[in-house]
Amino acid sequence: MATFQIEGGIPLKGEIQPQGAKNEALQILCAVLLTKEEVRIDNIPDIVDVNKLIDILSNLGVKIRKNGKGSYSFISDDLQLDYLESELFKKEGSSLRGSIMIVGPLLARFGKGYIPRPGGDKIGRRRLDTHFEGFIKLGAKFRYNKEERFYGVEAPNGLTGTYMLLEEASVTGTANIVMAAVMAKGKTTIYNAACEPYIQQLCSMLVAMGAKIKGIGSNLLEIEGVEELHGCTHTILPDMIEIGSWIGLAAMTKSEITIKNVSWKHLGLIPSTFAKLGIQIEKRGDDMFIPAHRDGYEVQSFIDGSIMNISDAPWPGFTPDLLSIMLVVATQARGSVLIHQKMFESRLFFVDKLIDMGAKIILCDPHRATIIGHDFKSQLKATVMSSPDIRAGISLLIAALSAKGTSTIHNIEQIDRGYENIDGRLKALGAKITRI
């Protein structure tokens with residue numbers, strides 16, 4: 001296990017280019033399985049989770065060529081489907097939650113798909129029901145090997161379009177069902193579909209491959225099945241979660257940072273939610289400038305004067321992946337805020353580390369925490385801690401960069417799962433961080 005040592009309390013300065021979006025990449029990479037023709041994908045982030053999925057595709061028989069940094073070509077013309085029932089796949093697939101999204105494309109094209117119960121973050125229950133209920137409505141038969149924790153869906157006679165109302169607007173569930181439906185017979189209507197930019201990008205890519213999809217960007221998708229899809233070229237958006245992380249880092253460390261090419265139109269409520277904590281953000285073309293908050297930042301209040309409440313919601317609501325960042329940034333705000341994590345019940349359990357560092361936080365229950373900001377009158381203290389998941393990990397890293405003294409963060413593999421060369425890019429801004 002690797003470790004970061006961070007000397008905190010140093011203002012940073014410079015420009016940063018956000019990586020390609022992790023959550024989009026995991027969907028887009030699975031979509032290459034829908035065609036035997038070449039698919040080129042640009043701006044793929046070089047991170048652990050994405051590289052794991054590329055390895056799974058390679059073991060499945062996808063021909064992969066690296067064109068340059070972040071650019072790959074994929075040809076899925078001779079897949080080895082026996083790999084899906086191998087011990088190697090049970091090991092590799094279970095270590096990556098995103099691997100669930102290979103099932104939809106394989107079911108659509110070959111009439112079968114298998115997956116071990118996937119892993120990923122320990123942030124609470126993340127059910128797979130939406131995925132498999134969608135496949136079943138399209139005509140697939142479901143089976144589950146309880147002893148080996150292995151899922152399977154089969155449709156030897158192909159899939160048939162239908163109407164479905166999803167119980168939850170699951171992003172990966174919507175992606176999986178859409179990829180299955182694009183080659184089903186007839187029309188599929190998906191209501192309460194997730195409509196995050198990742199889903200919009202996936203649908204746009206599928207349309208470029210020959211799919212017929214209406215309602216892109218809304219929660220009502222209409223898909224007319226086609227017999228086959230062809231190749232295309234696709235560019236992944238900048239990672240809005242990483243952009244939010246850099247905003248939080250800049251505010252917390254009183255740093256002057258320019259985030260390049262952020263694709264403003266895909267950021268949704270992210271800039272305005274940071275503004276609720278009093279953080280100034282300037283739009284400079286497609287770049288984002290965060291000035292050094294030398295006088296701190298003040299939490300806004302609601303119109304009636306009540307305490308600010310920041311919570312997550314399905315898109316276009318505020319993304320749950322940034323609530324951990326909001327929480328740590330609030331520890332140095334002027335004022336108080338309630339953070340309400342509605343979607344996952346274990347994502348706030350890292351706050352004990354922040355409390356050890358001197359933060360004023362009341363963990364009300366697994367979903368809610370009240371933060372009383374220090375207004376920089378009291379600096380967080382360096383400590384030794386461990387990263388429990390990707391987003392908590394980057395939040396603890398931000399806390400360490402703002403703290404007095406040298407902090408140690410263990411289990412940084414969790415951070416590497418979602419952030420490309422994070423220590424190298426921080427050093428370029430002037431941070432004192434060492435990977436051990």
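How many of the residues in helix α1 (residues 22-31) are buried? Nine of its ten are, so to speak, tucked away under cover, where buried means under 20% relative accessible area, exposed over 50% and partly exposed in between, using a 1.4 Å probe and protein chains only. Among the buried residues of α1 are Lys-22, Glu-24 and Cys-30.

A few ground rules before going on. This is a predicted model, in which local features need pLDDT of at least 70, side-chain atom pairs count only at pLDDT 80 or more, and totals for chains, interfaces and linings use all residues. Residues are numbered from 1 along each chain as its sequence is written, and side-chain values use heavy atoms, with hydrogens and water left out. Helices (H or I, at least four residues) and strands (E, at least two) are DSSP runs, numbered from the N terminus.

**Helix α8 and its partner**

Helix α8 (residues 240-252) is mostly covered too, with 13 of its 13 residues buried. The expected span of a helix is 1.5 Å times one less than its number of residues. For the 13 residues of α8 that gives 18 Å, and the end C-alpha atoms are indeed 18 Å apart. At the start of α8, a side-chain oxygen of Asp-239 comes to within 2.9 Å of the backbone nitrogen of Ile-241. Such a polar contact is a pair of N or O atoms within 3.5 Å; within protein, one must be able to donate a hydrogen and the other to accept it, and residues adjacent in sequence count only if both atoms are side-chain atoms. Just after α8, Lys-254 has a positive phi of about 55 degrees.

The axes of α8 and helix α10 (residues 323-330) come within 10 Å and cross at roughly 5 degrees. Axes here are lines fitted to C-alpha atoms, for helices over the stretch in contact, and angles run from 0 to 180 degrees between N-to-C directions. That makes α8 roughly parallel to α10, a label for angles under 35 degrees (over 145 is roughly antiparallel, 65 to 115 roughly perpendicular, and the rest oblique). On the α8 side, the contact (heavy atoms within 4.5 Å) includes Gly-244 and Met-252, and on the α10 side Ile-325 and Val-329.

**Two open sheets**

Each sheet below has four strands and mixed pairing. Two strands pair if DSSP finds at least two bridges between them.

| Strand order | Edge strands | Average turn between neighbouring strands |
|---|---|---|
| β21-β22-β1-β23 | β21 (384-386), β23 (432-435) | 20 degrees |
| β17-β18-β20-β19 | β17 (308-311), β19 (360-365) | 20 degrees |

In the sheet with β1 (residues 3-7), four bridges join β1 to β23, and the two run antiparallel. Glu-7 stands opposite Lys-432 in β23. In the other sheet, β18 (residues 336-340) and β20 are antiparallel over five bridges, and Ile-339 has Ala-369 of β20 as its bridge partner. Helix α10 lies across β17, β18, β19 and β20, at about 160 degrees to β18.

**A histidine between strands**

His-374 sits in the loop between β20 (368-372) and β21. Is His-374 buried or exposed? His-374 is buried, with a relative accessible area of 10%. A polar atom of its side chain lies 2.7 Å from the backbone oxygen of Gly-358. Leaving aside neighbours within four places in sequence, His-374 touches residues including Thr-331, Gln-332, Lys-360 and Leu-380.
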